[in-house]
Amino acid sequence: MQVDNPPHRIPELWFDDGSIIVQAGNSQFRVHRSILAACSPVFKDMLSFPQPADAELVEGCPVVHLPDAPDEVIVFLKAIFLPDYFMPFPAKTEFGIIRGCLRLGHKYGVEHLRLRALIHFSSRFRTTLSQWDTSCCPYAHGESEFTGPCNLPQSQIISWLTLDTPTMFSCIQLAREVDAPWILPVAFYLLSHRLTQKSTMTLMEVIRGNPGNDATSHLSTQDQESFLYGHIRQTQFLTTSILGCFSEPVKILDCKWPVRCLEGRLSAVNSVRETFSAFPSMPLDVWGEDDWDEFAQRLCPSCLAFLRVKHQDTRREFWDDLPRMYGLLPWPELEKLRVAAIGPQWFPSELSL
């Protein structure tokens, strides 16, 4: 005979003077009914119903069962009851905390928590190429607060680190769930990069998920189709347009060293091809400042300046087309939605001016 596991208490969320027991799965939390009701109109309505005579009690407190994942309920309640647990942006945080607070803040109408989580979430997914190029996470170097060596302005900070493949699936699902479509272009771009080493068949299996796997690792049918179409376009852009920056024959009138510059451009083509073999879906990142520093020794100043402009124009062409590749709204429309959701003061861009 199978015996169910008894509920276990979460010590950090078991207050001796708490007046209600919240249970998710087998996890129980003794918290303050009045605070939940003050934070959440959903909980306020839920807790306003009179308790029946045979209501379930634990230590004299009524029990409220939530259908949500226990790990998400834990971070959600910690963010409400432990003041230093989930600090406003740009404090360092984690995706698991963002996900739990955003999903349940959205579901239960805890507006301040939903907005805080949405701002943290958006810090990773920018809406302009200039922000993509300049934003970074100072906490990658181990700083716990915004005092790192990057010395970034607040608008350029990314407040959380993890971007493995399961997290990218979860980011796309979460953006759909809380109606944050400005997240999706960069999320699809990053997911494409992480799945480029897989064959087409394996790729189909991954994005559709396998029976028995956690549903948070799967994409909806709509997003499966959008991803497959955009992934192909993204990879093709690198092989055609980015390589074309260096390989297309262009006569530069002010070139000082025609033969040397041609050899330099051919070496750049070979370098990009080598990078492409390892990272075939990174048109925004396949050639960076370190490459230009090395490349500068092989070209005259006129050719170097010309190719830098041409390369940046090609990157911008890709960026501008990125939402369309994945069947999404154009950047200006996505930016309007972002500003309406979190305000113009967060990560301001030329699109919102």
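A residue is called buried here when its relative accessible area is under 20%. By that cut-off aspartate 223 of this predicted model is buried, because its relative accessible area comes to just 2%. The residue belongs to helix α10, which covers residues 221-247. Its acidic side chain isn't left without a polar partner: a polar contact of 2.6 Å links it to the side chain of arginine 176. Setting aside residues up to four places away in sequence, aspartate 223 touches Ile172 and Phe188 as well as Arg176.

Now for the nonpolar interior. As a general matter, nonpolar side chains in soluble globular proteins tend to be buried together. The largest nonpolar core in the model counts 98 residues, and the members that touch the most others are Phe29, Phe121 and Phe125. What does phenylalanine 125 contact, once neighbours within four places in sequence are left aside? The list runs to Trp160, Met168, Cys171, Ile183, Val186, Ala187 and Leu190. There is also a second core, separate from this one and made of five residues, among them Trp14, Val58, Cys61 and Val63.

Helix α4 (95-108) is a good example of a covered element: of its 14 residues, eleven are buried. Those buried residues include the nonpolar Phe95, Ile97, Ile98, Leu102 and Leu104, but also Arg99 and Arg103. They pack against a mixed set of elements, namely α2 (41-48), β5 (61-66), α3, α5 (111-122) and α7. From first C-alpha to last, α4 reaches 19 Å, close to the 20 Å expected at 1.5 Å a residue. Just past the end of α4, glycine 109 takes a positive phi of about 70 degrees.

On to the sheet. Strands of a sheet pair through backbone hydrogen bonds, either parallel or antiparallel. Here five strands make up an open sheet with mixed pairing, and their order is β1-β3-β2-β5-β4. The edges are taken by β1 (8-14) and β4 (57-58); each has a single partner strand, so one side of each goes without a neighbour in the sheet. For β1, strand β3 (residues 27-31) runs parallel to it, and three bridges join the two. Within this pair, arginine 9 sits opposite glutamine 28 of β3.

A few backbone spots stand out. Most residues other than glycine have a negative phi, and most peptide bonds are trans. One departure is the bond between phenylalanine 89 and proline 90, which is cis, with an omega of about 15 degrees. Proline 90 is part of the loop that connects α3 (70-81) to α4.

Two non-glycine residues with positive phi are also worth a look. Aspartate 179 has a phi near 60 degrees, while the value for phenylalanine 347 is near 55 degrees. Are these two residues buried or exposed? Aspartate 179 counts as exposed because its relative accessibility is 59%, over the 50% cut-off. This aspartate lies in the loop between α7 (165-177) and α8 (184-195). Phenylalanine 347, by contrast, is buried, with a relative accessible area of 2%. Its location is the segment that follows α14 (331-342).

How values were computed. Residues are numbered from 1 along each chain as its sequence is written. This is a predicted model: local features need pLDDT of at least 70, side-chain atom pairs count only at pLDDT 80 or more; totals for chains, interfaces and linings use all residues. Side-chain values use heavy atoms; hydrogens and water are left out. Helices (H or I, at least four residues) and strands (E, at least two) are DSSP runs, numbered from the N terminus. Buried means under 20% relative accessible area, exposed over 50%, partly exposed in between (1.4 Å probe, protein chains only). A nonpolar core is a set of buried Ala, Val, Leu, Ile, Met, Phe, Trp, Tyr and Cys residues joined through side-chain atoms within 4.5 Å. Contact means heavy atoms within 4.5 Å. Two strands pair if DSSP finds at least two bridges between them. A polar contact is a pair of N or O atoms within 3.5 Å; within protein, one must be able to donate a hydrogen and the other to accept it, and residues adjacent in sequence count only if both atoms are side-chain atoms. The expected span of a helix is 1.5 Å times one less than its number of residues.
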